[in-house]
Amino acid sequence: MRRIRHLALVTPVLVCTTGCASLSHYAGLTHASQPSDDSLTRVVAELKLHLKDDTYRYDRATTDDGRNVFAVALWKLDRIAALRARPQEQWENADFVIEFARGKALEKLRRYDDAAKAFEHVAASGSLLGDAAAERAHVIETFAEASARPADPFASPEEERVFIEGRIAKWRELAEKTEGMPQQSLALEEVEAWQIMRVDWYARGDRLDEAISSCENLLESNRESKLFGKHLLRLGDLYASSARRAELQARANLANLDPSHYEALVDQAFSAYELAAEDRRPALRREAKSRIDALLSYQEGVAARVP
Amino acid sequence: MSPEANQALRLGMWLVGALVAAALLFLVIGGRARAAEPDASDEAAKLLLAPETGAASDRAQEARDLLATDRNRKIAVISSALVDLGLRASFGASPVKLLQSAGELGQGILAWSNRTPGEERALLLLAPDAIGGELDAPTRELYEHLAVRERKVLVKHLLGDAEKALDAGELRRARIAVDRALELDPGSEPGDRLLDALEARELRASPASREPTMSPGVAPWETSFASALLVDDDSRAQQLAPANTPSAELASAAALYESGQRAEALEAFRSLAQGDGPASGVAREILDDRAVNPERALDDEIKTYTHKRSLGWLGGDALADRGLDLLSDDVDLSGDSLRAWKASYKLIRKTANPVNLVIDAPARIWRDWQPDGSALREAATRYLELEPNGPRAADAQKWLAKLGKDERRSVKVSPFKDGYFMLPHARTRFARVAPQRLVVSSDALEKKAPELAHALGLEGSEAFVFGDRGLPEGAQAVAPGQALELLALLGDGLDEDVLQPRIQSGADVLEALRRLDARVRAGATLRVMPRAPDSLAGLDDFGSALVDQKRARTWGDVALGRKDDKITADRQLGGDGRFCLADTPCIDRKLPVDGALFAQTDAEGAAGVGARAGYRQAQLQVTMGAKGPHASLVLPIARWLGITHYLPVEARVDVGLDGVSAGPRVDTSAADEAAERL
């Protein structure tokens, strides 16, 4: 009787929920991908659709098979240029158009130095695109300059920190200068990247308290970033590392374990992971959940060891 | 029992008997299943010795034997599944078990034509003679049949591998597999189809080497047109676009899109997507791109969100998260998909629980349960950014307003306070290492430490909270000597079984006492303050008790609670520790005889009222339910004798309208305690 009642209850629910399903997959309604015409016009059209994308807030657009649209466009443009195979001194207008498009793709790929060179080639040509390229080159050269690698290896960690702080300040300035322009999202990405470097610098130097503070600052200033969930994971890791460090020192009788402080660190680590686990990207959610599990297992061991 | 029911029962039993007999007969006659299969090493030895066995006829016979063995094994599998199904049907097993048996039967039938390891070995045995032309006509026919079957399987594997490689974008691997498959089976239709798809992908992936338009010649109009596009002179680009050229139409639509006329641009893409040329394919891809077509993204997310919400209302988080498999537009009959369907079916079966349908589901609708809306919020925000005046703008704004309100209200979603990042407390429950507060009832203090309690002035409250931190400043300090004495007495009381732990286990409470003791010995000051019990439950608490499976205390010390499908209202003799705090060790006096009056109902609709009493773990319970009065007595004899570890049984006597029954029963609490000790 119980089973009959269950079946009677389940059947309408099942019918209701599955009613929406259709067999479109088998009906062949989907358009199979067709060979594409990769003329210069089409490549430029595809590139143009994504040139104003906000890559700071959203992931870079991808093709249907998961490749970066800017990398694909650059590859196609390089192929067109290779097929034309003209030495630079014999370039025609079409070559300058290709080079200008390459510059735009390189810029979006954050290869500022290469992008600046491409724009300079076009700017020096006197072609139709010369003025636009010169204007573009001016902006991107500042980006290339700001992203230049240090001439010599860092003499000391402090020198590296000063360099990182300098880069953050420089990119912030560029982000303000490019406000309202498509390049602003790139500048914001660079600021964020160097802020991450700063957190990493503190973490590498065993200055976990400052690393945590720096990471919280990273989260405060990048609330809109697509990487917010990853920063939360980073913060959780720092709290978990601090807790582990405290427990290790107590085990080695290097210091007394303050259980309340230790628990506060663990609590904050869990909290950061829980927030990251609410990210809408499944991969990040899984990563956060696995870290929660790992920390839980570790904590069980600690609870058994702490006198 | 009525004569009709009796007759029906007999008929049913006869049918089951006949089914089982038929299955057994089939097994004996058709199956000829062997009791023991030859050992793998024996098989290997036979194969190694095969060339020395001499005559081709011997090898042919051995090959036939191998094939017969495999056939018999398949028959045995089907027979076994059939018998299993019959037995489960006769015992009235659950529908899931029946489906499982039917599935095994189906798998056995489907596997009938599958190639087996025996065929592989038979082919190896026959191959040398076949190559040497020494086989007679029937054996030759058998060999060719086996060879064809081997080729078919190989082609199938190769095509499967090619398909996977194609999906993963590994075109070279796919090409090798398809070419090999077509070499083996030149007329293979699936192979041809896959080859077409592969060539299309190769053309797209490496267009420069194949596409005529990738030749050095760029059409004259393209240069000025692409220039206009690149410098954002979109109006000029549209003027320069030659009519009736799909590529130019595509670029023109892109220019429109960038110029802000997104609705018109998307319309142009849609129009272009109707065609068959390469540009049309690109237009379709663009329309599928959620980053370009915000309407598509918004529609997708609204659909997912509303489906999740409906499922969530019906079955909560679990069904909302996993039930979408049932709503997929594309029906996939792969193994993974079927497993997902099976899991979803189980969830729906759980949903059909009356307690869920009567209490949980209406409560979720009443509370306006909503799934995670971050993806929909992002899609709506993006839509408004790209098409602020688009046809769906009002819809997007409506969703944003709805989601925004919910999200901001939730602390867990927003860790920002006045612009500063502040992590909330974790919701994950983890093993604590810091000394916790401890709640002790006045009855417990009166029982175990009356003089000390009097000396400390611990009177006038139902319970007291002790701790070295986490108490208000005004909490009374206890001198170290008195603190240590009090903690020791409480520990003794638990050991002597005159005090009992509430909420947590005895081991947890003793551990909390030990940690507090260590803190006091290390110099911390133990403080104490009266604990005022919570006020009586309001309507919200009743809701929480029924829906969230919490416990709410009402008038007359009656507590209302729910555990899974069982709802209980009870009044425990001597109280049930209403002064205790959640997740905090709590100590109360233990009465020699504990007891309670209760009323309960469950998902089956059974209801009853009664009383229970316990003494030294023996339990007496009297219930008046729909089936009349019922009494039970449980005597944990093994526990009293101290042999639970070896013999975890207890004696149980039941008395009801059905009669009297008595017998041993497994003491399940013994296993729980063992697990706890571990």
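A residue counts as exposed if 12 or fewer other C-beta atoms lie within 10 Å of its own, and as buried if 20 or more do. The model described here is predicted. By this criterion B:Asp497, with 11 other C-beta atoms within 10 Å, is exposed. This residue belongs to the loop that joins helix 21 to strand 6 (499-502) of chain B. Its phi is near 70°, a positive value in a residue other than glycine. Most residues other than glycine have a negative phi.

Two further residues show a positive phi. In A:Asn253, which is not glycine, phi is near 60°. A:Asn253 is located in the loop between helix 11 (228-251) and helix 12 (259-276) of chain A, and it is exposed because 7 other C-beta atoms lie within 10 Å. B:Asp232, for its part, has a positive phi of about 65° and stands just after helix 9 of chain B.

Helix 21, which precedes the loop of B:Asp497, packs against another helix of chain B. The axes of helix 21 (residues 480-495) and helix 22 (residues 506-521) of chain B come within 10 Å and cross at roughly 165°. Angles over 145 degrees count as roughly antiparallel, and the two helices of chain B are therefore roughly antiparallel to each other. The crossing of helix 21 and helix 22 of chain B is left-handed. On the side of helix 21 of chain B, the contact is made by B:Pro480, B:Ala483, B:Leu484, B:Leu487, B:Leu490, B:Gly491 and B:Leu494. Helix 22 of chain B contributes B:Gly506, B:Val509, B:Leu510, B:Leu513, B:Leu516, B:Asp517 and B:Val520. By class, the residues of this contact between helix 21 and helix 22 of chain B comprise 11 nonpolar, two polar and one charged.

Chain A contains 13 helices and zero strands; its pattern along the sequence is accordingly written α-α-α-α-α-α-α-α-α-α-α-α-α. Of its 307 residues, 39% count as buried. Among the contacts in chain A with a separation of 6 or more, 56% are between residues 24 or more positions apart.

A helix pair in chain A is formed by helix 11 and helix 13 (residues 282-305), which pack at an angle of about 10° with their axes 11 Å apart. This angle makes helix 11 of chain A roughly parallel to helix 13 of chain A. From helix 11 of chain A, the residues A:Gly229, A:Lys230, A:Leu233, A:Gly236, A:Ala240 and A:Glu247 take part. They meet A:Leu284, A:Glu287, A:Ala288, A:Arg291, A:Leu295 and A:Val302 of helix 13 of chain A. The contact of helix 11 with helix 13 of chain A has six nonpolar, two polar and four charged residues.

The largest nonpolar core has 69 residues, of which A:Val44, A:Val97, B:Leu229 and B:Ala251 touch the most other members. Leaving aside neighbours within four places in sequence, A:Val44 is in contact with A:Ala101 and, in chain B, with B:Ala226, B:Leu229, B:Leu230 and B:Ala251. A second, separate core of 31 residues includes A:Ala240, A:Tyr262, A:Ala288 and B:Leu423. In soluble globular proteins, nonpolar side chains tend to be buried together.

Helix 9 (residues 220-230) of chain B is mostly covered, with eight of its 11 residues buried. The buried residues of helix 9 of chain B are B:Glu222, B:Thr223, B:Phe225, B:Ala226, B:Ser227, B:Ala228, B:Leu229 and B:Leu230.

Other positions in chain B pair with residues distant in sequence. B:Leu546 is placed in helix 23 (residues 539-547) of chain B and counts as partly exposed because it has 19 C-beta neighbours inside 10 Å. B:Leu546 and B:Val355 are 191 residues apart in sequence, and their C-alpha atoms are 9.5 Å apart in space. Apart from neighbours within four places in sequence, B:Leu546 is in contact with B:Ile359, B:Arg562 and B:Ile567. B:Glu183, in helix 7 (residues 171-184) of chain B, is exposed, with 11 other C-beta atoms within 10 Å. B:Glu183 and B:Val155 are 28 residues apart in sequence and 9.2 Å apart from C-alpha to C-alpha.

Terms used:
Residues are numbered from 1 along each chain as its sequence is written. Chains are lettered from A and ligands numbered from 1 in the order in which they are written. This is a predicted model: local features need pLDDT of at least 70, side-chain atom pairs count only at pLDDT 80 or more; totals for chains, interfaces and linings use all residues. Axes are lines fitted to C-alpha atoms, for helices over the stretch in contact, and angles run from 0 to 180 degrees between N-to-C directions. Helices (H or I, at least four residues) and strands (E, at least two) are DSSP runs, numbered from the N terminus. Angles under 35 degrees count as roughly parallel, over 145 as roughly antiparallel, 65 to 115 as roughly perpendicular and the rest as oblique. A crossing is left-handed if the near helix is turned anticlockwise from the far one by less than a right angle, and right-handed if clockwise. Two residues are in contact if their C-beta atoms, placed from the backbone, lie within 7 Å. Ala, Val, Leu, Ile, Met, Phe, Trp, Tyr, Cys and Pro count as nonpolar, Asp, Glu, Lys and Arg as charged, and the others, Gly among them, as polar. A nonpolar core is a set of buried Ala, Val, Leu, Ile, Met, Phe, Trp, Tyr and Cys residues joined through C-beta atoms within 7 Å.
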